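Biologist: Before I accept any label on this structure, I would like to see the criterion behind it. Could you go through them with me?

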Amino acid sequence: MFTMRRYEIIIKQKKEECKIIRKFAFMIQLYITRHGQTEENLRRILQGQMPGHLTQEGIHQAEELRERLKDIPFDCIFTSDLKRAKDSALIIAQPHQCPIIEEHLLRERDFGIHTCGPYLKISHA
């Protein structure tokens, strides 16, 4: 997550690529967080670009973070388009009333044939 303060973002799309031009007037503060715990985390499964599903503990973690960040002003929140990240961002964003921008470029890396496999299998590969 990060804030965007007092600067313009102009997105020009050409075919499938986006070019972002930023004109900065002041320093930007970035707040980077991780999604809450998922069912797949508990089962020690490499999620890669699979959606992932927050556990009750993961929801609680996002709620705790929401409380810690509630008094910090955010202009917008960027999140991966994966379900686990979007669900966490929606919880954290509740007191801020700011836009949530889904960006596929923020996805977890793709583990290829190891996706949905156990951590142990890839750690010894």
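Biologist: Why is there no bond between the sulfur of C76 and the closest cysteine sulfur, in C98?

Modeller: A disulfide is a pair of cysteine sulfur atoms within 2.5 Å. The sulfur of C76 lies 6.7 Å from that of C98, so the two are too far apart for a bond. The structure holds zero disulfides.

Biologist: What kind of model is this?

Modeller: This is a predicted model, in which local features need pLDDT of at least 70, side-chain atom pairs count only at pLDDT 80 or more, and totals for chains, interfaces and linings use all residues. Residues are numbered from 1 along each chain as its sequence is written, and side-chain values use heavy atoms, with hydrogens and water left out.

Biologist: What makes C76 and C98 buried?

Modeller: Buried means under 20% relative accessible area, exposed over 50%, partly exposed in between (1.4 Å probe, protein chains only). C76 has 3% and therefore counts as buried; C98 has 14%, so C98 is buried too.

Biologist: Why is T38 called buried?

Modeller: The relative accessible area of T38 is 0%, so T38 is buried. T38 sits in the loop between β2 (17-24) and α1 (39-42); helices (H or I, at least four residues) and strands (E, at least two) are DSSP runs, numbered from the N terminus.

Biologist: Which residues are in contact with T38, leaving aside its neighbours within four places in sequence?

Modeller: They are Q47, H53, L54, T55 and R84, where contact means heavy atoms within 4.5 Å.

Biologist: How much of the chain counts as buried?

Modeller: Of its 125 residues, 34% do.
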